[in-house]
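Here's a quick walk through this model, written for someone who would rather be at the bench. Have the structure open and follow along by topic.

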Amino acid sequence: MQATRRRTNFGTAGLLYCLTVVVVALASVNRPNNLLVWIFSAMLIALLVSGVVSGVMLLRLRAHRIEPRRARVGEVLVVRYEIRNLSRFVPAFDLHIEERKLPPSIVNAGEAWMLHCGPGDTVHAEGVFRASKRGLFRFPTFEVWSSFPFGLLRKRLIFERASEVLVEPEIIPLQPTLLSRLARGGLMGGVRASVEVGGGEDFFGVREYRAGDSIRSIAWKRLAGTDQLATIERSRAVPPRVRIVLDLRRATSDLRVAEGVDPRALEEDAITLAASLMALADRQGDEFGLTILGLDVAAIPLRRGHFHRAKVLAALAALDLDQPRDASATLRESAERATVLFVHPDRADTSISPAVGWNFTAAQLSSLRIPVARGGET
Amino acid sequence: MNLLRQHRISAFLLLLLAMAAFATSQKDLVLLMSSGAIAVLSWYVTEGPRGRSLPEVASNILILGLLFWTLAEFLTDIELADATSVLGRFLLWLLVIKLFSRRTAYEERQRFTLAAMLVVCGCLETVEFVFAALVFAFIALGIWTAMLWRLQSSLDAARASRKGDGAFLPPPLEVAVGRRLLPQFRRLALLSIVVIFAGSVVGFAAFPRFGESRGGRSQSDAVSGFNDRIDLLANARINESRRELFTVVWKDPTGTPEQSKRPIYLRGAVLDRYDPVTHRWEALRTSNAIRAMRTPTDAKFVALGPGVPDTTGGVWTAEIAMRSLATSVLFTVYAPFAVATDESYSVAFDPATLLLRDVGTDHVSRYWWYALRVQPQPSPQMMETLQGSTNPPRSDISFPVPALKPIAERILSQAFVTGIPTAEDVRADPSLRWMRNREIARAVASWMRGGRFRYTTDLTAFEIADGEEPIIAFLERNQFGHCEYFASALGGILRTLGIESRLVTGFVALEYDASTSQYIVRESHAHAWVEVRTGEHQWTAIDPTPEESLMQISERNRAFSDNFRWIYDRLEFLWNSQVLAYDSAAQATIADRMQSKWWKSVQESYDAVRVQMRALVEQYSLGRAGMVWFVAIALAISAAVAAWLFARRRLRHTQRIAGLAGLPPQEARRIAREVSFFADALDMLEDAGFPKPAPLTPRQHVAAITLHDANAGGAFARLVERFYRVRYGGLAQSISDREETRDELLRLKSALSRRR
């Protein structure tokens, strides 16, 4: 990306230095002392050299922000920068890379700094950020600056290159036994047998014996009755399935909240709870899906795996709570057998669906999380 | 990262240099050794195995104590003129205390500031060569250290920015660094140092000056020992420095250098007036008859007087070459009648005192070579030619110290002066006057050299009571002193006795170097003696100082280092002549010379070109139109060469992009020409903000661009496909293929411009 703008600033040290140069100049004029004159000349030339060196260093620099990956609230975001020095002879030292006009919810947690980029070199540096809110954010501009060699002048190259980063909602560690307690009993559609043959425990069927079948799977009773060898087939085990339904039908202003509680914060907590439940399910190997009621977001089917998790988190991250809500939305009956977890921002609403499910509210977030010990360990 | 480890060492050395420079400016070896030893100890304490530092409370207490001590010293004992020295000492000890502090960025900045202020204090105290050399070393090391400090402080700041709270732990800072860090840093630092020093020379030369340099001529004069006045109350110790000021080659009438049988007295100033109130001998200014002349540039002699001088007695030549004394005074042997200089100078000759001065302003420095033609025993005719009637004999000789008269008469009686015409004899026969003068002067001088008086340069024990005349104090009570007292006493006695005499200050050439056949005149050879009028126009030098004493002191101060002084003295000479003595006159001279030289070289170049062009025109009978064609062809050839170079560079660039390094050159060139469209496309994309990262393949780059701009990505995708077919598929593009490629490039260009 070509630099669009170059700027030069005097730092505090530079201003003090200029003042000192003026004082020495006055002293050498007032008290004709050739040594002082020489020192004044050397100081003046040093100031010029400082400007020239830092300018020449940055002249042929090209910088490029390597697209940052997804971020998550509560975790660091590392953004990498690639600096290329197109000059054939002039090295660059002391390069600082800073983002300009950062969104308010993203703060700088660690400067990207490069000690040296030689002629013809390409070097990467890392900057660290922290996001305090979920959503889609833009890194509009970044600058590369240096005050090498003497720290008197700061020369900057400003690169107009926008990048976007999706900040996923925070994931709170929930009590590990939460989902297993909810899915127990089978009635809620947790563990079930699959319709496919596999290595599970449930009876699936009987077939002819084939060479190589395990002796343990032989149907001995049938052999006794028919004198024909047969093998019992078992069904494939299927993990429990969880569908998380996030109830956002009510507009933020219609939420019933206590005095001093921010309704938007409640909604965010609800989203965090939904993400945390999803993460818990994923950690336990369950299949999970997401349905958003009240917003125009397609339901995500029941799956498991890394990419599916990312998809769910991306859907949660991209939710725009300022959109108009559909208050009449309900959860349709479905043939899928899964435990349904309803997450409400303010209060449980059983009219949401005829399906049987567990209802959570955002206020329960703190009680469902794993307690944090005094020393900060969970 | 090894580079940053050097920072602490170079910072420490920088501080040591600043302390050494200041101690040198004070000429205080004790200060240098004590502060240096404590500074070295601080390195062991703070950087050693345990790495301790002084607690802040202790440091503050020490600083307060130092402050009170300095204030007390300043208020009780020190004069305002010594304020810089006091301030410098305070800063030095403050710096020593700070050396034991913690190594933080803030403390580091404080130490650097103190070091810089220390050097500036030293600059206000002295301009000597040794100090200047230390200052230049400080500047050079300071540049290096400043660059290292910049890197170190940035690293510290970057590390500090990563110290998050426990909830957010950013990754540790991995310092990104390119290849060959150390050599590149060294090169850049050295280049900066060289450029700064070169630029400072230009700035120094061009800095506007408004008069003569105080740090130059008069400073060097002051430390040379020579003075154009004698202050008997100054009680100063005569300079015993072995610094070489100039050399004298004494040539006989055949031009052969020889050693004179007696020391050679080189006259610098004639003091013929004594002020009894201030106790000073000063020159009586008479300038009516001063002759000004311009010496030629080719070292030819020019006569100092009108008419032809009488040279029947033989002519000796004294050649004086300055080594470390910048002065307008030409030290002359009595009595010069012609002068020659290495460059053309404006010289003023005072016939009354037979002194020469440089009065010109159109030269770079006053470190010069000049030669004088003299007759050791000039004839009356010679003297009359030189002096004319500028300094007739006086009869009203007196000395403004009446109390000296009885002492002078007593001395005269003690001097066993016999066979000398008396005053009555002189009244009867005035021609006897000169003989009387000469004999009395010699007798009194001989009496003074007789052992009653001790020659010494150390006057710390010399006591002068309130209201007492220093000459009487010397003659009656102390009876020891240096040449100024000896000469003042003799001059005072002679004047009291009615004998016309005057004091002369200058140098005495004692030390003869047989290997180079020249006299070496040092600072310690500054001297004062008496001249007595012994003729209508003649004066005779009478030196009351025992010659043996002078020789002893000269030999006593000889040291082993004298053998190597020539190295240091040469550098110091250059420093004094080219830097300290540089003033507005020298600046104007350089500017005039440069301007004339520059203009001359421009004109010469222009003339040379014109001659060549004329020869060309004549040879080929070109005429005006032919000249125009010639110039056009020359321009066309230049343009063609430039285009060829550009095309060659472009081809190499394309070869690099297409990865054609391993192919035979001819094949590589052919493919490079075929795929040049791909290089053009990459350039367009880079200009539009889509540079291709090195790790990405062209197809991956297409994917990256498509995410941002589908149109541009699509156009570039087609070009990439074509590139692959040509580069790896061996496709040779037909004319229609090339046209399609051109169209694709245009589509890419328009897509990118729409994006803007």
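Let's start with a covered strand: in strand 2 (residues 61-66) of chain A, 5 of the 6 residues are buried. Keep in mind that this is a predicted model. The rest is sorted into strands and sheets, helices, aromatic rings, cysteines, and a few backbone oddities.

**Strands and sheets**

- Strand 2 of chain A pairs with strand 4 (residues 76-85) of chain A, running antiparallel over 6 bridges.
- Across that pairing, A:Arg65 sits opposite A:Tyr81 of strand 4 of chain A.
- As background, strands of a sheet pair through backbone hydrogen bonds, in either a parallel or an antiparallel way.
- Over in chain B, 7 strands make an open sheet with antiparallel pairing, in the order 8-11-14-9-3-19-18.
- Strand 8 (302-303) and strand 18 (511-513) of chain B are the edges of this sheet; each has a single partner strand, so one side of each has no neighbour in the sheet.
- At one of those edges, strand 18 of chain B is joined to strand 19 (residues 518-522) of chain B by 3 bridges, and the two run antiparallel.
- B:Asp513 faces B:Gln518 of strand 19 of chain B there.

**Helices**

- Helix 1 (residues 12-30) of chain A has 19 residues and spans 27 Å from first C-alpha to last, close to the 27 Å expected at 1.5 Å a residue.
- Its buried residues are A:Gly14, A:Tyr17, A:Val21, A:Val24, A:Ala25 and A:Ser28.
- Those buried residues cover an arc of only 105° around the axis, so they sit on the same side of helix 1 of chain A.
- The other side of helix 1 of chain A carries the exposed residues A:Thr12, A:Leu15, A:Leu16, A:Leu19, A:Leu26 and A:Asn30.
- In chain B, helix 7 (residues 181-206) has 26 residues and reaches 37 Å from its first C-alpha to its last, close to the 38 Å expected at 1.5 Å a residue.
- Buried residues of helix 7 of chain B include B:Leu181, B:Phe185, B:Leu188, B:Ile193, B:Ile196 and B:Phe204.

**Aromatic rings**

- Over all chains, the structure holds 36 aromatic pairs.
- In one of them, the rings of B:Phe246 and B:Phe507 have centres 5.4 Å apart and planes at 90°, so the pair counts as edge-to-face.
- This pair ties together distant parts of the chain: B:Phe246 belongs to strand 3 (residues 244-251) of chain B and B:Phe507 to strand 17 (residues 501-509) of chain B, 261 residues apart.
- Both B:Phe246 and B:Phe507 are buried.
- B:Tyr455 and B:Phe486 have ring centres 6.0 Å apart and planes at 40°, so that pair is tilted.
- B:Tyr455 is in strand 15 (residues 454-455) of chain B and B:Phe486 is in helix 14 (residues 483-496) of chain B, 31 residues apart.
- B:Tyr455 is buried at 12% relative accessible area, and B:Phe486 is buried at 0%.
- B:Tyr455 and B:Phe486 also belong to one aromatic cluster, along with B:Trp447, B:Phe453, B:Phe462, B:Phe474, B:Phe480 and B:Tyr485.
- A charge meets one ring of that cluster: B:Arg454 lies over the face of B:Phe480, 5.0 Å from the ring centre.
- Elsewhere, the charged end of B:Arg373 sits over the ring of B:Phe301, 4.0 Å from its centre.

**Cysteines**

- How many disulfides are there over all chains? The count comes to 0.
- For B:Cys123, the nearest cysteine sulfur belongs to B:Cys121 and is 9.1 Å away, whereas a disulfide needs the two sulfur atoms within 2.5 Å.
- B:Cys123 counts as buried at 1% relative accessibility, and B:Cys483 counts as buried at 2%.

**Backbone oddities**

- For context, most residues other than glycine have a negative phi, and most peptide bonds are trans.
- The A:Phe148 to A:Pro149 peptide bond is cis, with omega near 10°; A:Pro149 lies in the loop between strand 9 (135-146) and strand 10 (153-168) of chain A.
- The B:Tyr334 to B:Ala335 peptide bond is cis too, with omega near -10°.
- A:Lys101 has a positive phi of about 55° although it isn't a glycine, and it counts as exposed at 60% relative accessibility.
- B:Ser517 has a positive phi near 55° and lies in the loop between strand 18 and strand 19 of chain B.

How values were computed:
Residues numbered from 1 in each chain as written. Chains lettered and ligands numbered in written order. Predicted model: local features only at pLDDT ≥ 70, side-chain atom pairs only at ≥ 80, totals over all residues. Heavy atoms only, no water. Buried < 20%, exposed > 50% of the residue type's maximum accessible area, 1.4 Å probe, protein only. Phe/Tyr/Trp six-rings, centres within 6.5 Å; stacked < 30°, edge-to-face > 60°. Helix = DSSP H or I, 4+ residues; strand = E, 2+ residues; numbered from the N terminus. Lys NZ or Arg CZ within 6 Å of the ring centre and 35° of its normal. Pairing = 2+ DSSP bridges. Expected span 1.5 Å × (residues − 1). Arc of directions from axis to C-beta.
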